[in-house]
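Visitor: I should like to be guided through a protein model, one question at a time. May we begin with its overall layout?

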Amino acid sequence: MTTAVTRTIRTLRTTAGSMLTEIAAAVGTFVGLVWLAANVVFAAVQGPALSPETAGVPEELVWLGILAVASLGTIWLERDGYRLIRADPHGGGNFAWLSVCYLPCTFLPVGYALSLLLEIPGVFVNLYLVACVLLGGWLAFYGGLDRLDLEFSSFVWTFLVVVGMALVVFTAETVLTAVGPLEWLTDTWVLADTTLALFAIAGQGVVLFVGFGSVPRGSVPSVPHR
């Protein structure tokens with residue numbers, strides 16, 4: 001009797017774990033598709049300098065359309081789409097993390113440097129984010145991580161380093177502008193755009209080195225990405 005109960009509990013746990021994994025993958029796919037659809041729409045309307053308002057389309061309707069497209073895409077993939085496009089049906093979690101969070105942050109320092117030195121139209125930002133989604137899809141659904149001999153934890157490290165750098169810059173700027181005797185530094189070379197851009201480019205090198213050059217494989221705690 002005890003053995004049968006134990007087996008039943010183990011079966012239930014296995015079934016529940018499998019269901020949660022599938023749900024997490026589906027949610028990740030949905031989030032990634034929403035991000036993709038939103039940036040495609042924003043890039044499309046910013047390119048010809050249009051907007052939903054000038055076209056007479058309510059913003060709420062635009063977002064409903066984005067959510068509808070992402071929902072239909074997720075349903076199609078979950079039913080038979082993964083098999084048809086020969087993609088990994090368990091890659092939804094990786095897809096969301098890479099597309100929405102990790103890949104955009106990986107090259108954020110150099111993007112910040114360019115924004116200080118050049119006037120970058122918003123459409124290019126959206127196109128960059130679309131490219132991140134496409135790359136994230138390849139890495140997550142088609143074994144791109146293995147093909148490039150990369151670890152998912154490498155992107156976790158790059159994200160942590162970028163967040164840390166952003167906090168340092170924000171804190172330094174806040175302190176310099178808040179403290180009276182140091183306020184003059186904000187108008188000189190310390191926070192000049194060119195100096196900040198150079199620091200950002202140097203920071204980009206640190207991000208890539210820490211994420212992909214110096215951290216042993218598997219040295220970061222596992223992230224529930226599948």
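Visitor: What pattern does the protein chain follow when read along the sequence, and how many helices and strands does the secondary structure come to?

Guide: In this predicted model, the pattern read along the sequence is α-α-α-α-α-α-α-α. No strand appears in that pattern. The secondary structure accordingly comes to 0 strands and 8 helices.

Visitor: What percentage of the residues in the protein chain is buried?

Guide: A residue counts as buried when its relative accessible area is under 20%. The protein chain has 226 residues. Of these, the buried share is 33%.

Visitor: At which residue does helix α2 bend?

Guide: Helix α2 covers residues 59-84. Its buried residues include Val 62, Ile 66, Ala 70 and Thr 74. Leu 77, Gly 81 and Tyr 82 of α2 are buried as well. The helix bends by about 70°, and the residue at the bend is Glu 78.

Visitor: Which residue with a positive phi follows α2, and is that residue buried or exposed?

Guide: Most residues other than glycine have a negative phi. Arg 86, in the loop between α2 and α3 (92-106), has a positive phi near 55°. Because its relative accessibility is 73%, and over 50% counts as exposed, the residue that follows α2, Arg 86, is exposed.

Visitor: Where is Asp 149 placed, and what is its phi near?

Guide: Asp 149 is found in the loop between α6 (144-147) and α7 (152-178). At 53% relative accessibility, Asp 149 counts as exposed. Its phi is positive, although the residue is not glycine, and the value is near 55°.

Visitor: Why do the buried residues of α4 line one face of the helix, and within what arc do they fall?

Guide: The buried residues in α4 are Pro 109, Ala 113 and Leu 116. Seen down the axis of α4, their directions are confined to a single arc, so they line one face of the helix. In general, an α-helix has 3.6 residues a turn, so residues three or four places apart point the same way. For the buried residues of α4, the arc is 60°.

Visitor: Which element gives the largest share of the nonpolar patch on the surface?

Guide: The patch is formed by Leu 114, Leu 117, Leu 118, Ile 120, Phe 124, Val 125 and Leu 127, with about 640 Å² of accessible area together. Two elements give two or more residues to it, namely α4 (108-117) and α5 (122-141). The largest share is 3 residues, and the element that gives it is α5.

Visitor: Where does Ile 120 of that patch lie, and how does its accessibility count?

Guide: Ile 120 lies in the loop between α4 and α5. Its relative accessibility is 37%. Values from 20% to 50% fall between the limits for buried and exposed, so Ile 120 counts as partly exposed.

Visitor: How many disulfides does a search of the whole structure find?

Guide: A disulfide needs two cysteine sulfur atoms within 2.5 Å. For Cys 101, which is buried at 17% relative accessibility, the closest cysteine sulfur is that of Cys 105 at 5.2 Å, too far for a bond. For Cys 132, buried at 5%, the closest cysteine sulfur is also in Cys 105, at 9.3 Å, again too far for a bond. The number of disulfides found in the whole structure is 0.

Key:
Residues are numbered from 1 along each chain as its sequence is written. This is a predicted model: local features need pLDDT of at least 70, side-chain atom pairs count only at pLDDT 80 or more; totals for chains, interfaces and linings use all residues. Side-chain values use heavy atoms; hydrogens and water are left out. Buried means under 20% relative accessible area, exposed over 50%, partly exposed in between (1.4 Å probe, protein chains only). Patches are made of residues with over 30% relative accessible area and no salt bridge: like charges are joined within 9 Å, nonpolar side chains (Val, Leu, Ile, Met, Phe, Trp, Tyr) within 5 Å. Accessible areas come from the Shrake-Rupley method with a 1.4 Å probe; for residues, only the protein chains shown count as cover. A salt bridge is a side-chain nitrogen of Lys or Arg within 4 Å of a carboxyl oxygen of Asp or Glu. Helices (H or I, at least four residues) and strands (E, at least two) are DSSP runs, numbered from the N terminus. The bend at a residue is the angle between axes fitted to the seven residues ending there and the seven starting there. The arc is that of the directions from the helix axis to the C-beta atoms.
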